[in-house]
Amino acid sequence: MKYLTEFRNREIAQRLAQEIHALATRPWKILEVCGGQTHSIIKNGIDQMLPEGIEMVHGPGCPVCVTPLELIDKALAIAARLEVIFCSFGDMLRVPGTAGDLFQVKGGGGDVRVVYSPLDAVELAVKNPERQVVFFGVGFETTAPANAMSVRIARQRGLKNFSLLVSQALVPPAIEAILKSSANRVQGVLAAGHVCSVMGYWQYPPLAEKYKVPIVVTGFEPLDLLEGIRRVVAQLEAGRHEAENAYSRVVSFEGNREAQKLLAEVFEVTDRAWRGIGVIPRSGWRLRAAYREFDAEDRFQIAGVRTVESPLCRSGDVLRGAIKPAHCAAFGKECTPRHPLGATMVSSEGACAAYFNYGRFLSAKALAGAASTLSGLGPSGAADD
Amino acid sequence: MTEKPQEGALAASLPALDFSNWSCPLPLADYPSIVMAYGGGGKLGNELIEHLFLPAFRNPSLEDLGDAALLDLGGEAPAGRLAMSTDSFVVRPLFFPGGTIGDLAVNGTVNDLAVSGAVPRYLSASFILEEGFPLAQLAAIVEAMAKAAAAARVQIVTGDTKVVERGHGDGCYINTAGVGALRPGIAVGPHQARPGDAILLSGTIGDHGMAVMSMREGLEFESQIRSDCAALNGLIGAVLEAVGTAVHAMRDPTRGGLASTLNEIASASGVGIDMDEARLPVRPEVGSACELLGLDPVYVANEGKAVFFVAPEAAERALAALRAHHLGREAAHIGKATAEHPSLLVARTAMGANRVIPIQIGEQLPRIC
């Protein structure tokens, strides 16, 4: 399990946490951009290890969460068509549209399939020439190269029955939107490591300079997160604001050039609506004209979609880092993973779902004392072996 | 973190939020037709049982909702009391590393009887076959069943075969039902766990689910993941012989994994559970596969593991009995039942912090990234 257990070492984690305690003389608010980071922080209880004044603000980096409701409704309409095999990553299936989710479309006879790669969907298109195969291309820069590759291969093979329902969002414009907002509370940023593995982090030094905010490229394992937080706090305490890379085993400054070339060939930058946040200029990708024939929105021309958002849901405020999930009045009451009002409660990367699933309807203090009976078991993992 | 939380702070913070949102006046209303999640071993499946099957069929034997029904045939039963259970098997693929649908069908019912405190004796086997299904495959499945039955010391004494038209089944579905004699003096059940009980797990988690999933999705790892499919009656017999009535509850964590089983026992018994995640045995290749797919091994299915709630003074002996058995070599003491935070499963993470592990809504869904 290389690169897993090494970065979950409890002793090193506690040493890093102590260093953060020693460094921090003031309260700081630090944004972790990516939903995967939010998930890991809450799952591992990283926030319970930090000094009281260090507050982690959860960012908009959950691709499921920020996919506009209108696009989900279009996905439901396309997936319900008889000629369509609708392929998606697993966690889109439970995201509620205005009327139902993809699970219900499947239960009602729609051919909805979970795949692990858009290239699997291309294969399905080859094997099922009489059907229309649609892949729901949801994601940030991380998933974009595979989506781009799928349409390039489809074009090379001359496939007329493959298309991509594109929901590609770009992270740096979203970070900038948060930093320049007048209500911004964020003083330091953990940039999303896997996004940077594709794109590099050459976009961040100008952002760090312009908004006087340290930006540290950070991974997802407990030690990665603690190291990223430690570096942000060290910069903040020293009055510095630089772009740094704390995830160098995966990320280089320039990123994956081959992938970037492919992306530039297939996609072009466009304004994009973020669910709960609104339109952010130049924050998304759409297929270039040369590839537009593979755009599922163009191919199926779904009209008459009328979206209705829950008036109780404050997922936009959560995604902007303005409030914590538990501060929403509907959290854990009207809104649970069983009856989600917004996507942040559905996706396993959504901040609300992470809070709910890992017991953050309890206060951090109550939770910290909860497993008190375990002390009687002796040291973890060692006594019994 | 350094401050000791007030006693009962945890319990006191629960009712205000009504986090479980359970008393829904319109049960089953959110999905007007069956969705796959009803079969995922999570909350939706439980609701189907509680709101549909139980009200329709209600009787004292069913109400316990144990893995097997405990039946009293009065004077007619030689051993006094019987346990009865049934299970259907629709696994895809039919053949996977470490097993087939055939051994799964035998071991699944054997295990449901065994964790109810019974000695499994007789099984039925019913086959629903799809037109066009290769006879050679059926023969291989049946042979695997015969071997599994012999290993578990049960006999398959009755059966049925139906054939459905092509397209109306997925090759081969199997249902097995079984009866066993309840061991005299043993009264275990999911509602019998007590605060203070030690929680023992018989071995690694997630092997079966990840073996099937990696085969289904064509994922390859350096070492192949094999299903843990096995009959547990021998292992369970060894524990019961070692500590007898000190075993209060036991269950085989199949669909929904260890987390669902522990949550079910916590709810049924009204106890809280504290679990130490660092003690959970997970094979490296299973851990890697879970990471890759964004799954948590605590929710992944097992087919040859059992979890025991044992009186604390008997924990060491029970653990020794488990480890002396070939299916329990990697058994571990993973946690405790507590009077604190009733019905909640709280895990201490490897980092030393805590998280609540809830029951899943349906199946776990692989993540986007």
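**Figure 1. The loop of chain B that holds B:P93.** In this predicted model, B:P93 sits in the loop that runs between β2 (81-89) and β3 of chain B. Look at the peptide bond leading from B:R92 into B:P93: it is cis, with omega near 0 degrees. The strand β3 (95-96) turns up again in Figure 3, since it is part of what covers the buried residues of α6(B).

**Figure 2. Two helices of chain B packed together.** Here we zoom in on helix α4 (residues 101-114) and helix α5 (residues 135-152) of chain B, whose axes are 7 Å apart and make an angle of about 30 degrees. That angle makes α4(B) roughly parallel to α5(B). As for handedness, the crossing of α4(B) and α5(B) is right-handed. From α4(B), the residues taking part are B:I101, B:G102, B:D103, B:A105, B:V106, B:N107 and B:V110. Facing them from α5(B) are B:I141, B:V142, B:A144, B:M145, B:A148, B:A149 and B:A152. Sorted by class, the contact of these two helices has 11 nonpolar residues, two polar and one charged.

**Figure 3. Helix α6 of chain B and its surroundings.** How much of helix α6 (residues 207-216) of chain B is buried? Eight of its 10 residues are, so α6(B) is largely enclosed by the rest of the structure. The buried residues are B:D207, B:H208, B:G209, B:M210, B:A211, B:V212, B:M213 and B:S214. Among the elements covering them are β3 (95-96) and α9 (284-293) of chain B. Just past the end of α6(B), keep an eye out for B:G218, which takes a positive phi of about 65 degrees.

**Figure 4. Two loop residues of chain B with positive phi.** Neither of these is a glycine: B:L65 has a positive phi near 50 degrees, and B:S343 has a positive phi near 70 degrees. B:L65 is placed in the loop between α3 (60-63) and β1 (69-72) of chain B. B:S343, for its part, is in the loop between β12 (332-338) and β13 (345-348) of chain B. How many C-beta neighbours does B:L65 have inside 10 Å? There are 16, so B:L65 counts as partly exposed. B:S343 has 18 C-beta neighbours inside 10 Å, and therefore counts as partly exposed too.

**Figure 5. Chain B, domain by domain.** To put the close-ups of chain B in context, this view takes in its three assigned parts: domain 1 (23-58), domain 2 (70-182) and domain 3 (198-356). The C-alpha centres of domain 1 and domain 3 of chain B are 26 Å apart. In secondary structure, chain B has 10 helices and 14 strands. Of the 369 residues in chain B, 51% are buried. Take the contacts in chain B between residues at least 6 apart in sequence: 83% of these join residues at least 24 apart.

**Figure 6. Where the two domains of chain A touch.** Now over to chain A, which is divided into domain 1 (5-61 + 172-245) and domain 2 (65-170 + 256-300). Their C-alpha centres lie 30 Å apart. In the contact, 12 residues of domain 1 of chain A meet 16 residues of domain 2 of chain A. On the side of domain 1 that touches domain 2, β2 (54-61), α9 (171-180) and α10 (193-199) of chain A each supply at least two residues. Which of these elements gives the largest share of that side? It is α10(A), with five residues. By class, the residues of this side of domain 1 of chain A divide into eight nonpolar, four polar and no charged.

**Figure 7. A:L164 and its contacts in chain A.** A:L164 belongs to strand β6 (residues 162-169) of chain A. Buried or exposed: which is A:L164? It is buried, because 26 other C-beta atoms lie within 10 Å. Leaving aside residues up to four places away in sequence, A:L164 touches A:F135, A:G137, A:N147, A:S150, A:V151, A:F294, A:D295 and A:A296. If you also want A:V251 in the frame, zoom out: A:L164 and A:V251 are 28 Å apart in space, C-alpha to C-alpha, and 87 residues apart in sequence.

Technical notes
Residues are numbered from 1 along each chain as its sequence is written. Chains are lettered from A and ligands numbered from 1 in the order in which they are written. This is a predicted model: local features need pLDDT of at least 70, side-chain atom pairs count only at pLDDT 80 or more; totals for chains, interfaces and linings use all residues. Axes are lines fitted to C-alpha atoms, for helices over the stretch in contact, and angles run from 0 to 180 degrees between N-to-C directions. Helices (H or I, at least four residues) and strands (E, at least two) are DSSP runs, numbered from the N terminus. Angles under 35 degrees count as roughly parallel, over 145 as roughly antiparallel, 65 to 115 as roughly perpendicular and the rest as oblique. A crossing is left-handed if the near helix is turned anticlockwise from the far one by less than a right angle, and right-handed if clockwise. Two residues are in contact if their C-beta atoms, placed from the backbone, lie within 7 Å. Ala, Val, Leu, Ile, Met, Phe, Trp, Tyr, Cys and Pro count as nonpolar, Asp, Glu, Lys and Arg as charged, and the others, Gly among them, as polar. A residue is buried if 20 or more other C-beta atoms lie within 10 Å of its own, exposed if 12 or fewer, and partly exposed in between; C-beta atoms are placed from the backbone. Domain bounds come from an automatic or database domain assignment.
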